[in-house]
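Open your viewer and get the selection tool ready. We will go from stop to stop, with something to select at each one.

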Amino acid sequence: WSMFTDVVVTSTGVVYASLSTGGYESGFFRSTDGVNWTDITPPTLTSFERVVLALAPSDENILYAMVKNHNGTGLVGLYKYSHSEPPGAGAWEDRSAQVALLPGLSGEVDWVPDTQSNYNMSLAVSPASPDLVYFGCRLLWRSLDGFATDNYTDLIGGRISVGHHEDQHDLLFQPGSSTIAYSATDGGVYKIPNINSPTAVEEWVSLNNGYDTSQFYRIAIDEDLPGSQVIVGGTQDNGSWFTMWADGEIDWVKHVGGDGGHSAVVDAGGASGDYLYAYQLGRIYRRTVDHTTGEWFAWSRMDPAGVTDYLFINPFLMDPVDNHVIYQASGNGLWRNDDYTGIPDGNGAPTAINWVQVTTQPSGENISALGMSRTGDRILYYGTEAGSVFRLDQANTAPMGSVAQQLDMGPDFIVGAF
C-alpha cells in the first residue's frame with residue numbers, strides 16, 4: 001500500500017505510476033504491459049509524499065512529476081523525465097530550484113507554492129509543446145521552458161484572478177485545442193479561451209451555471225423567531241452565506257470568504273441584525289446585516305487574543321439564553337465572551353475585550369463539539385477530538401479556572417471518537 005499514488009497512461013498503453021514513500025513500496029515505475037515494471041525513480045529523490053504526474057501529449061516520452069515534501073523539506077519539487085531505450089535508461093532533470101522562485105501574489109520571488117499539505121496540486125503539459133507546462137497550487141503558473149529557468153514564467157490564475165477560484169486540482173485541454181482549457185477547483189469548473197494569452201489571468205470564466213459545489217459544514221437559523229426564512233451557513237473554501245427569501249431561485253448573499261464553518265443568528269427579526277461566522281482556524285466575525293437587501297454594513301473580528309491552538313473548522317457556540325454571550329473552543333480549554341457587543345466596529349484583530357478563559361480542560365485535546373441547555377443550571381457539554389466529554393455547570397457565569405466534570409461514557413463508547 002501507499003498513502004499517495006498517481007497513474008498516467010500514454011496513447012500506446014505505456015503506464016507510469018508513482019507511490020509515496022513510507023508504504024510497502026515506493027518510487028516511480030514504468031510498464032509497457034501493466035504487469036512487468038521498471039523502477040525509474042529519480043536518483044536524487046529519496047523521500048516524498050503526494051506526486052502528480054503529467055505526460056506531454058506531443059511527445060509521450062516526456063513526463064513531468066510534481067512532488068510534495070520533496071526530500072523531506074516540506075517544499076514542492078518538480079522533475080522532468082525523458083524516456084529512452086532500453087527501459088530504465090531515461091534521464092531525470094530536477095527543476096525544483098526554479099519552482100522555489102515562482103512569483104507570488106505581488107510578483108515577489110522566493111514565494112513557496114502552497115499545496116496546503118497534499119491537498120491542492122495540479123500539473124498539465126500543453127498539447128502543442130512539451131516545454132509549455134502549467135503548475136497549480138493555490139495559484140496557477142505557466143512556463144514556456146518547462147520550468148528549466150525562471151525567465152519564462154507567468155502567473156495566470158488561482159487566487160490572484162478575480163474570475164478564477166484558488167485551490168487548483170486539475171487542468172484539462174479541450175480535445176483538439178492547445179489554447180482552450182478547463183480548470184477544476186474548490187469553487188467548481190472554470191474555462192479560459194486562450195490559456196497562453198499574455199492576459200490569461202483576466203480571462204477565466206466560471207461555468208458553474210447551476211452546478212453547485214457548496215459543501216456546508218454547518219448552518220444556523222434564528223431559533224427564537226418561528227417562521228423566519230433566514231438561514232446562514234459556512235461552506236468548505238467557498239465562504240459563509242446568508243439567505244432570507246422563501247424563493248429558492250434568489251441568490252444567497254456572501255458575508256465572509258475563505259473556509260466557512262460554524263455560524264449563529266443573533267436576531268433576524270428587526271430592520272437589521274447581527275450574524276456571527278467562524279472562519280478557518282478559530283477566527284470569528286460579526287456581520288451586521290440590512291434585512292432589506294441581505295447585505296452587511298458593519299463588522300468586527302471577535303476571537304480571543306493570544307489563542308492559536310484551533311482546529312481548522314473550529315466550533316463556537318452562542319448562548320441559547322443570552323445571545324450576547326459566546327463560547328469559543330480551543331486546544332487549551334474553553335473561552336467565554338460575556339458580551340460580544342462590547343467589541344467595536346471595524347476591529348480587525350483578535351481581542352481581549354470581554355473574554356475569559358473559563359477552563360483549561362482538557363490539556364492537549366482540541367474541543368471539537370459544544371452543546372448547551374436552555375434552562376436549569378445552564379449546563380454546557382463539550383467533547384474533544386480524542387473522544388473525551390466534559391460537563392460545565394453554570395457555564396454562563398463560571399469564573400476563570402473552573403474545573404469541568406469529565407463524564408464516564410461507559411464501556412460501549414467508542415474509544416477515540418471525534
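The tour below takes in strands, one residue and a pocket.

Before you start, note that this is a predicted model, in which local features need pLDDT of at least 70, side-chain atom pairs count only at pLDDT 80 or more, and totals for chains, interfaces and linings use all residues. Residues are numbered from 1 along each chain as its sequence is written, and side-chain values use heavy atoms, with hydrogens and water left out.

**Stop one: an open sheet.** Select β1 to β4; strands here are DSSP runs of E, at least two residues long, numbered from the N terminus. These four strands form an open sheet in the order β1-β2-β3-β4, with antiparallel pairing. At the edges are β1 (5-9) and β4 (38-39), each of which pairs on one side only. Two strands count as paired if DSSP finds at least two bridges between them. Now zoom in on β2 (residues 15-19) and β3 (residues 27-31), which run antiparallel and are joined by five bridges. Pick V15 and you will find its bridge partner, S31, in β3.

**Stop two: a hairpin.** Move on to β5 (residues 51-55). Are its residues buried or exposed? Five of the five are buried, meaning under 20% relative accessible area with a 1.4 Å probe and protein chains only (exposed is over 50%, partly exposed in between). Show the side chains: V51, L53 and L55 point one way, V52 and A54 the other. In a regular strand, side chains alternate between the two faces of the sheet. Add β6 (residues 62-68), which runs antiparallel to β5 and is joined to it by five bridges. The two strands form a hairpin with six residues between them, and V51 stands opposite V67.

**Stop three: V189.** Select V189, in strand β15 (residues 188-192). This residue is partly exposed, with a relative accessible area of 27%. Leaving aside residues up to four places away in sequence, V189 touches S183, V205, S206, L207, N208 and Y211, where contact means heavy atoms within 4.5 Å.

**Stop four: the largest pocket.** Finish by selecting G187, T213, S214, N238 and W241, the closest to the centre of the largest pocket among its 29 lining residues. How are the lining residues divided? Seven are nonpolar, 12 polar and 10 charged.

Note on methods. On a 1 Å grid over the protein atoms alone, a cavity is a set of points where a 1.4 Å probe fits but cannot get out, and a pocket is an open set with protein on both sides within 12 Å along at least five of seven lines; lining residues have an atom within 4 Å of a point. Ala, Val, Leu, Ile, Met, Phe, Trp, Tyr, Cys and Pro count as nonpolar, Asp, Glu, Lys and Arg as charged, and the others, Gly among them, as polar.
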